[in-house]
Amino acid sequence: MSSQPQVATPDTEDSGPLPRPLGGRHAWITGGGHGIGAAIAAELGRLGANLTISGRNEKALAASARQIAAETGVACRWQALDIADEAALAPALGEGREAQGPVTILVNNAGIAPSMPIGKLDLATWNAALSVNVTAPMLLAQAALPDMLDAGFGRIVNVASTAGLRGYPFVSAYVASKHALVGLTRALALELAKGPVTVNAVCPGYTETAMAEQAMRNIVQSGKTAEQARAILARGNPQGRLVDPAEVAQAVGWLCLPGSTAITGQSIAVAGGEVM
Ligand code: NAP
């Protein structure tokens, strides 16, 4: 990933009378080019944080950043970053600090969900799931932490999954990595509890994004129609529907508020009651 980070700024300083509880903060959202990550970036922008969104798809990042800056009136950088590239993570955060100030809100949203029966799960796929879904969040938290402690404020939010709280068949690498992410969340929350940094996870159920579309395509391949595939995913949610990305984003935004200091180590399901 060699291209230069860029920044989208709002056309006008007058972004209306919105409350800006995260004004002056710099929030980094991995996987912010589309899906749940783009919704989280927009929500944190509405709350006033300046943003960096990262991912591998620069076209999607640029489009997302421009839209968020126009809608929310904050500055939104985008940075090409493959989070499987472990050596690139701390330097990327350093670049973000230089450009837009210390990162005091980190949302580890990027994730992958390989699906196959255990007999077909190869080591490369297993390692990739662990690398993207849990190793990168750990390394990014490690890199961001000194700035959060210096600033006297920090929020780390890991986008896990209901698959971090219960099992599902045919996605063992995903389920194992998301359970590990929930474990990391709990351990870090306790380790940091005496200081100004909270660490939480949000655990969406099936949510209307490309990832859920892929899950539906997998079901269709097993002989179901597209409607049946959607119904199967919706059936797991007691509300009988898929979650909207904005609903996940609002939970993340709430965890990032200055008044949410007492909430740490939690794994909050956003799943219509699927787990409780
Ligand atoms: P999505 O649209 O497929 O988004 C996945 C995001 O992860 C993309 O923005 C992608 O960015 C990024 N990503 C994947 N591998 C990456 C890598 N190696 N380096 C950098 N970025 C990478 O799916 P989504 O539903 O929004 O997923 C967001 C998070 O929600 C994931 O952690 C997922 O596990 C979790 N989740 C989703 C659901 C669901 O049903 N949708 C349910 C529970 C949890 P690029 O394409 O730009 O690389």
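Start by selecting residues 123-151. This is helix α4, which lies across β2, β5, β6 and β7. The helix runs at about 155° to β5. Axes here are lines fitted to C-alpha atoms, for helices over the stretch in contact, and angles run from 0 to 180 degrees between N-to-C directions. Helices (H or I, at least four residues) and strands (E, at least two) are DSSP runs, numbered from the N terminus.

Before going on, note that this is a predicted model, where local features need pLDDT of at least 70, side-chain atom pairs count only at pLDDT 80 or more, and totals for chains, interfaces and linings use all residues. Residues are numbered from 1 along each chain as its sequence is written, and side-chain values use heavy atoms, with hydrogens and water left out.

**The sheet**

Now show the strands. Eight of them form an open, mixed sheet, in the order β1-β4-β3-β2-β5-β6-β7-β8. Two strands pair if DSSP finds at least two bridges between them. Select 6-8 and 267-270 for the edge strands, β1 and β8; each pairs on one side only. On average, neighbouring strands of this sheet are turned by 20° against each other, direction ignored.

Next, select residues 154-159 and 197-204. These are β6 and β7, which run parallel and are joined by six bridges. Find I156: opposite it, in β7, stands V199.

Then select residues 35-46, helix α1. This helix packs on the sheet and touches β2 (26-30), β3 (50-55), β5 (103-108), β6 and β7. Contact means heavy atoms within 4.5 Å. The direction of α1 makes about 170° with that of β2.

**The cysteines**

Look for disulfides, meaning pairs of cysteine sulfur atoms within 2.5 Å. The count is zero. Select C203. Its closest cysteine sulfur is in C256, 15 Å away, too far for a bond. Now take C256. The closest cysteine sulfur to its own is in C76, also at 15 Å and too far for a bond. C203 is buried, at 0% relative accessibility. C256 is buried too, at 0%. Buried means under 20% relative accessible area (1.4 Å probe, protein chains only).

**The ligand**

Finally, select the ligand. It is surrounded by 29 residues, each with a heavy atom within 4 Å of it. The closest are R56, N109, Y174, T207 and T209.

Which residues should you zoom in on? Try H34, N109 and K178. A polar side-chain atom of H34 is 3.2 Å from a ligand oxygen. At N109, a backbone N or O atom lies 2.7 Å from an oxygen atom of the ligand. For K178, a side-chain N or O atom is 2.9 Å from a ligand oxygen.

Definitions and conventions: Buried < 20%, exposed > 50% of the residue type's maximum accessible area, 1.4 Å probe, protein only. Polar contact = N/O pair within 3.5 Å; in protein donor to acceptor, adjacent residues only side chain to side chain.
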